[in-house]
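Dear colleague,

Please find below the structure that I am handing over to you, together with its sequence. My account of what was found in it follows.

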Amino acid sequence: SGKVIVSDTGGYEYTVAFLPEGDYTAALTCDAENDSADSDDVLAFTGAANVSITAGAITVYDFMMPVSP
């Protein structure tokens with residue numbers, strides 16, 4: 001499960017907990033409000049990266065948001 005919060009600095013923070021050890025692809029979307037569990041929606045993801053999770057360790061990955069022109 002995951003949780004996203006707005007930090008005191010105005011940025012966003014997220015936490016994903018209880019993942020089994022292994023390799024994952026992390027990606028970010030701002031289209032989640034358009035996602036419906038009952039349909040196969042197409043969402044736009046940004047910043048996909050491979051992240052390795054090790055048992056008993058905290059893994060940190062910081063997404064870099066693209067700058068709008």
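**The exposed side of strand β2 and the loop after it**

V16 is partly exposed, with a relative accessible area of 45%. This residue belongs to strand β2, which covers residues 12-16. Together with Y14 and L19, V16 makes a nonpolar surface patch of about 240 Å². Because a patch takes in residues with over 30% relative accessible area, V16 at 45% meets that condition.

Please bear in mind as you read on that the model is predicted.

F18 is found in the loop between β2 and β3. With a relative accessible area of 82%, F18 is exposed. The backbone of F18 also deserves a remark, since its phi is near 60°, a positive value in a residue other than glycine. Most residues other than glycine have a negative phi.

**The chain as a whole**

The protein chain has four strands and zero helices, and the order of its elements from the N terminus on is β-β-β-β. Of the 69 residues in the chain, 9% are buried. The chain exposes about 6000 Å², and carbon and sulfur atoms supply 54% of that area. Among the contacts with a separation of 6 or more, 34% are accounted for by residues 24 or more positions apart.

As to confidence, the mean pLDDT of the protein chain is 76, and 74% of the residues reach 70 or more. Confidence is lowest in strand β1 (residues 2-6), where the mean is 53. It is highest in strand β3 (residues 22-28), with a mean of 88.

**Strand β4 and the segment after it**

Which residues does S52 contact, leaving aside its neighbours within four places in sequence? They are G22, D23 and T59. S52 itself is found in strand β4, and it counts as partly exposed at 47% relative accessibility. The C-alpha atoms of S52 and G22 are 5.7 Å apart in space, although the two residues are 30 residues apart in sequence. With D23, the link is between side chains: the side chain of S52 makes a polar contact with the side chain of D23, at 2.6 Å.

G56 is located in the segment after β4. Its relative accessible area is 92%, so G56 is exposed. Measuring from C-alpha to C-alpha in the model, G56 and E21 are 8.9 Å apart, with their positions 35 residues apart in sequence counted as the separation.

**The loop between β3 and β4**

Two residues of this loop, T29 and D31, may be read together. Strand β4, at the far end of the loop, covers residues 46-53.

T29 touches L43, A44 and F45, not counting residues up to four places away in sequence. The C-alpha atoms of T29 and G47 are separated by 8.9 Å, and these residues are 18 residues apart along the chain.

D31 touches L43 and A44 under the condition that residues up to four places away in sequence are not counted. L43 and A44 thus appear in the contacts of T29 as well as in those of D31. Is D31 buried, exposed or partly exposed? At 26% relative accessibility, D31 counts as partly exposed, because that class lies between under 20% for buried and over 50% for exposed. D31 and V42 are eleven residues apart in sequence, and their C-alpha atoms are 9.2 Å apart in space.

With kind regards

Terms used. Residues are numbered from 1 along each chain as its sequence is written. This is a predicted model: local features need pLDDT of at least 70, side-chain atom pairs count only at pLDDT 80 or more; totals for chains, interfaces and linings use all residues. Side-chain values use heavy atoms; hydrogens and water are left out. pLDDT is the predictor's confidence in each residue, from 0 to 100. Patches are made of residues with over 30% relative accessible area and no salt bridge: like charges are joined within 9 Å, nonpolar side chains (Val, Leu, Ile, Met, Phe, Trp, Tyr) within 5 Å. Accessible areas come from the Shrake-Rupley method with a 1.4 Å probe; for residues, only the protein chains shown count as cover. A salt bridge is a side-chain nitrogen of Lys or Arg within 4 Å of a carboxyl oxygen of Asp or Glu. Buried means under 20% relative accessible area, exposed over 50%, partly exposed in between (1.4 Å probe, protein chains only). Contact means heavy atoms within 4.5 Å. A polar contact is a pair of N or O atoms within 3.5 Å; within protein, one must be able to donate a hydrogen and the other to accept it, and residues adjacent in sequence count only if both atoms are side-chain atoms.
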